[in-house]
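Reader: I am new to this structure and would like to understand the reasons behind the words used for it. Could we go through them one at a time?

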Amino acid sequence: MKRTKLIFVGGFLGAGKTTLLWKAAQQAMKQGLRVGLITNDQAPELVDSVLLSKEGLKVAEVSGSCFCCNFNGFTDAAQKIRADASADVIIAEPVGSCTDLSATILQPLKKIWNRDYDVAPLTVLADPERLTDILKGGRAELHPDAAYIYRKQLEESDIILITKIDSYPSEQIDKLKQDVAKAFPFATILTASALSGEGMENWFKETFNRSDSGKRIATVDYDTYANGEAVLGWLNGTVQLNGLKVDWNSLMDDYLHNLSKHFDSNNYSVGHVKIIAESDKQYIVGNLTGKASTLTLRGAIEPCDAIRLTINARVETSPETLDKIVNETLNNSVKNRCDTKTVAWKYLTPGRPNPTHRFTEIV
Ligand SMILES: Nc1nc2c(ncn2[C@@H]2O[C@H](COP(=O)(O)OP(=O)(O)O)[C@@H](O)[C@H]2O)c(=O)[nH]1
Ligand SMILES: [Mg+2]
């Protein structure tokens, strides 16, 4: 079997990685390529995997640990999807709060797995709003140590892809592009919108055709990195909701707005809150990537009796507080509308990153 192209799409929580994976996979399949995707999280019950599978894409998941701390879990998943899907290309999404991927994933892959994988340049996605603030030396409403992770992700990138350009004026994006090029002169700077498709082909071509991956290893202080992750409460849960011809669209809208209100009024900075509600035939996806203004809901479910709701929340507060807010808000939002039954529920603080490999030199 020939070598599989392996593309990593990093970037902070909510930057748009999963949306990009989805659109890139669709585009690549249209070109006749066989595509596999790998998602990653600290815990099971991952909205991203549910969502991508619903779109008919071949998805493997590494959950319970990030790729860096479970390198063999990553290569097992990659080997499986390479064999099952005869994949020409695999696109992998590391956890949004992870950094040091060049040292811990790209270099070991080049050294150990060169026969099977042709590793593409490391793409780091950046949302224009957060990026603008970080470039000014700000912290994009994040804890200083979480903002440190954001900067380190950019410092180790081969390609910085400024995303979501559909929602920003083009002059602003041009100026941002120049500023990013000045701050990170080693990286190729590209722009795209996964939603409108603009710039996607250009990014995919550049990434797919290049093999100069992991050209930099950033100096990362693991105490600051660990603390940047530890300030986040992490919750993954799945709940079955049962009622009678319930208007799920308005219920999900209420639920996400109520959650957002709680986080904002307590000044708990949101990394990313993502929900997917699924009936037999339809689904709704909700996202919150910061304050209430970032709230979006997509899709619709016709009134019916039962849905399955998966919730992933990464918010700057203790996991216990996060659990309380997510749970109580759900109970208040569903009151008199339906019953809830928990299928799976886990909340935690990510542990100190302890990578399987950590190369100090470029392979
Ligand atoms: N306007 C706009 N929103 C986007 C784009 N890509 C992603 N988003 C939104 O950003 C939020 C987070 O996206 P997601 O792909 O889940 O981010 P991830 O956490 O990096 O995987 C969602 O609300 C997406 O709809 C884009 O190109 N344009
Ligand atoms: Mg994602």
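Author: Let us begin with the surroundings of ligand 1 in this predicted model, where H1 gives the most to the shell, with three residues.

Reader: What makes a residue one of the 21 residues around ligand 1?

Author: A residue is counted because its C-beta atom, placed from the backbone, lies within 6 Å of the molecule. Of the 21 residues that belong to the shell around ligand 1, those that come nearest are Gly16, Lys17, Thr18, Thr19 and Asn287. Helix H1 (17–30) and strand S10 (270–278) each supply at least two residues of this shell.

Reader: How do you know which class of residue, nonpolar, polar or charged, has how many members in the shell around ligand 1?

Author: Each residue is sorted by its type, with Gly among the polar ones, and the shell around ligand 1 then divides into 13 polar, four nonpolar and four charged residues.

Reader: From which domains does the shell around ligand 1 draw its residues?

Author: At least three residues of the shell come from each of domain 1 (4–228) and domain 2 (232–348).

Reader: What makes residues of the two domains count as being in contact?

Author: Two residues are in contact if their C-beta atoms, placed from the backbone, lie within 7 Å. The centres of domain 1 and domain 2, taken over C-alpha atoms, are separated by 26 Å, and the contact takes 17 residues from domain 1 and 22 residues from domain 2. On the side of domain 1 that touches domain 2, helix H2 (residues 47–54) gives the most, with four residues, and by class that side has eight nonpolar, five polar and four charged residues.

Key:
Residues numbered from 1 in each chain as written. Chains lettered and ligands numbered in written order. Predicted model: local features only at pLDDT ≥ 70, side-chain atom pairs only at ≥ 80, totals over all residues. Domains from an automatic or database assignment.
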